[in-house]
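Student: I would like to go through this model by question and answer. Keep the replies brisk, please.

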Amino acid sequence: MSDWPRRIYVVLSLGVLSFAFAPILVRWAGDVPGLAIAVWRTVTAAAVLIPVAAARTAPELRRLTRRDVMLTGAAGVFLGLHFIAWIESLYHTTVASASVLVTTSPIILAALGYLFLGERLRRGTVLAIGIAVGGAGLIGWADAGTVALGQGALLGNALALSGTLLVSVYLLIGRVVRQKVSWLAYVTPLYAVAALTALAAAVLRGVPLTGYSWSFYAVCAGLALGPQVLGHGSFNYALQRVPAALVGMLALLEPVGASLLAYGLFGEVPPPASIVGMVVVLAAVAVVVWRREARPEGAADPAPSGAVVREDEA
């Protein structure tokens with residue numbers, strides 16, 4: 001039987017659901033600079049968590065080692081740059097094309113996890129990840145056939161691929177730090193650094209951060225509380241026990257959920273090939289979860305070498 005607590009399944013399910021709303025909320029933001037969205041999204045998330053963390057985890061934050069501080073800071077920079085790259089990519093290429101590139105994240109995570117953390121996935125899990133990536137790619141390919149790419153598509157695709165690499169490294173670092181640092185003590189400085197990274201980029205590029213409509217700020221608050229605090233927060237919560245490659249695989253459910261929401265909210269009917277891709281992704285994820293192939297039989301999920309897994313908080 002899997003050693004994952006039931007709360008892991010609950011938080012991951014909520015996280016995946018919140019991720020599905022991310023493209024919808026970005027669309028609702030309207031014709032505004034993507035960097036402004038990234039700034040207000042990250043700043044709002046940090047502002048919500050900092051008072052709570054100051055009251056509940058101040059002693060733990062003071063005990064963080066220099067290594068933990070440096071790793072958390074690096075992860076925050078990677079996360080902030082990921083938000084910038086991902087949001088900006090949506091203004092230069094189709095959501096479908098960006099989704100195709102994002103689907104490479106589990107493969108990158110599996111390779112990085114094996115090389116740097118010694119995390120080994122069972123053959124069936126590796127096969128399921130490959131099938132899920134193929135299914136998500138099919139969704140993007142089918143949708144791309146319905147939208148003509150503009151002249152900035154090359155830049156948009158490069159930004160999307162950069163965002164994929166950045167989020168892969170960020171999740172891998174989180175897998176290491178979360179072995180001995182509680183969730184709140186990790187994500188609060190993580191989001192604060194991500195906010196400072198986005199803010200610095202906006203200042204350097206001269207992007208205005210004020211003067212937008214109230215609906216814009218409401219959308220940014222929704223992105224902060226939903227996909228970031230709940231979505232990325234749930235993934236960081238699970239990283240203590242779940243290999244980063246499998247966390248990345250669950251993110252492949254985002255285009256499935258987003259397509260369903262787009263159908264319900266905007267009346268967008270996905271093409272038949274896209275529907276097939278959704279079924280493939282769902283089936284692959286279901287196989288991994290059902291067969292509990294995230295670990296060797298009779299053993300716990302592999303943890304980074306030398307790490308001590310805290311039992312009081314996953």
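**Burial, pairs and packing**

Student: Is Asp 68 buried or exposed?

Tutor: Under 20% relative accessible area means buried, over 50% means exposed, and in between means partly exposed (1.4 Å probe, protein chains only). Asp 68 has 4% relative accessibility, so Asp 68 counts as buried.

Student: What kind of model is this?

Tutor: Residues are numbered from 1 along each chain as its sequence is written, and side-chain values use heavy atoms, with hydrogens and water left out. Local features need pLDDT of at least 70, side-chain atom pairs count only at pLDDT 80 or more, totals for chains, interfaces and linings use all residues, and the model itself is predicted.

Student: How many helices and strands does the chain have?

Tutor: Helices (H or I, at least four residues) and strands (E, at least two) are DSSP runs, numbered from the N terminus. From that end, the elements run α-α-α-α-α-α-α-α-α-α-α-α-α-α. The count is 14 helices and zero strands.

Student: Which residues does Asp 68 contact, beyond its neighbours within four places in sequence?

Tutor: Contact means heavy atoms within 4.5 Å. Asp 68 sits in helix H5. With sequence neighbours set aside, the contacts are Lys 180 and Val 181.

Student: How far apart in sequence are the parts that the Asp 68 and Lys 180 pair ties together?

Tutor: A salt bridge puts a side-chain nitrogen of Lys or Arg within 4 Å of a carboxyl oxygen of Asp or Glu. The structure holds one salt bridge, and Asp 68 and Lys 180 meet in a salt bridge at 3.7 Å, N to O. Asp 68 is in helix H5 (residues 66–89) and Lys 180 in the loop between helix H9 (153–177) and H10, so the parts tied together are apart in sequence by 112 residues.

Student: What is the relative accessible area of Lys 180?

Tutor: Its partner Asp 68 is buried, at 4%. Lys 180 is partly exposed, with a relative accessible area of 40%.

Student: Which helix gives the most to the largest nonpolar core?

Tutor: Such a core is a set of buried Ala, Val, Leu, Ile, Met, Phe, Trp, Tyr and Cys residues joined through side-chain atoms within 4.5 Å. The largest has 81 residues, and Ile 37, Tyr 191 and Phe 216 have the most contacts inside it. The most, 12 residues, comes from helix H10 (residues 183–205).

Student: Which residues does Ile 37 touch, not counting those up to four places away in sequence?

Tutor: In general, nonpolar side chains of soluble globular proteins tend to be buried together. Ile 37 is among the residues with the most contacts inside the core. It touches Ala 29, Val 32, Ile 87, Tyr 91, Phe 216, Cys 220 and Leu 223.

Student: What is the geometry of the Trp 40 and Tyr 217 pair?

Tutor: Rings of Phe, Tyr and Trp (its six-membered ring) pair if their centres lie within 6.5 Å; planes under 30 degrees apart are stacked, over 60 edge-to-face, and the rest tilted. The whole structure has six aromatic pairs. Trp 40 and Tyr 217 lie 5.5 Å centre to centre, with 85° between the planes, which is edge-to-face.

Student: Where do Trp 40 and Tyr 217 lie?

Tutor: The pair ties together parts 177 residues apart in sequence, because the two residues lie in helix H3 (residues 34–56) and helix H11 respectively.
Tyr 212 and Phe 216 also pair, tilted, at 4.5 Å and 40°. Trp 40 is in helix H3 and Tyr 217 in helix H11.

Student: Which residues do ring pairs link into a cluster?

Tutor: Burial varies here: Phe 216 is buried at 1%, while Trp 40 is partly exposed at 26%. The linked residues are Trp 40, Tyr 212, Trp 214, Phe 216 and Tyr 217.

Student: Which residues does Ala 198 touch, not counting those up to four places away in sequence?

Tutor: Ala 198 lies in helix H10 and is buried, at 1% relative accessibility. Its C-alpha is 8.7 Å from that of Val 43, 155 residues apart in sequence. The residues touched are Leu 35, Ala 38, Val 39, Thr 42 and Ile 84.

Student: Which residues does His 232 contact outside four places in sequence?

Tutor: His 232 lies in helix H11 (residues 214–238). It is buried, at 6%. Its contacts are Phe 19, Arg 41, Leu 79, Phe 83, Tyr 170, Tyr 191 and Pro 227.

Student: What percentage of the chain's residues is buried?

Tutor: The chain has 314 residues. Buried ones make up 54%.
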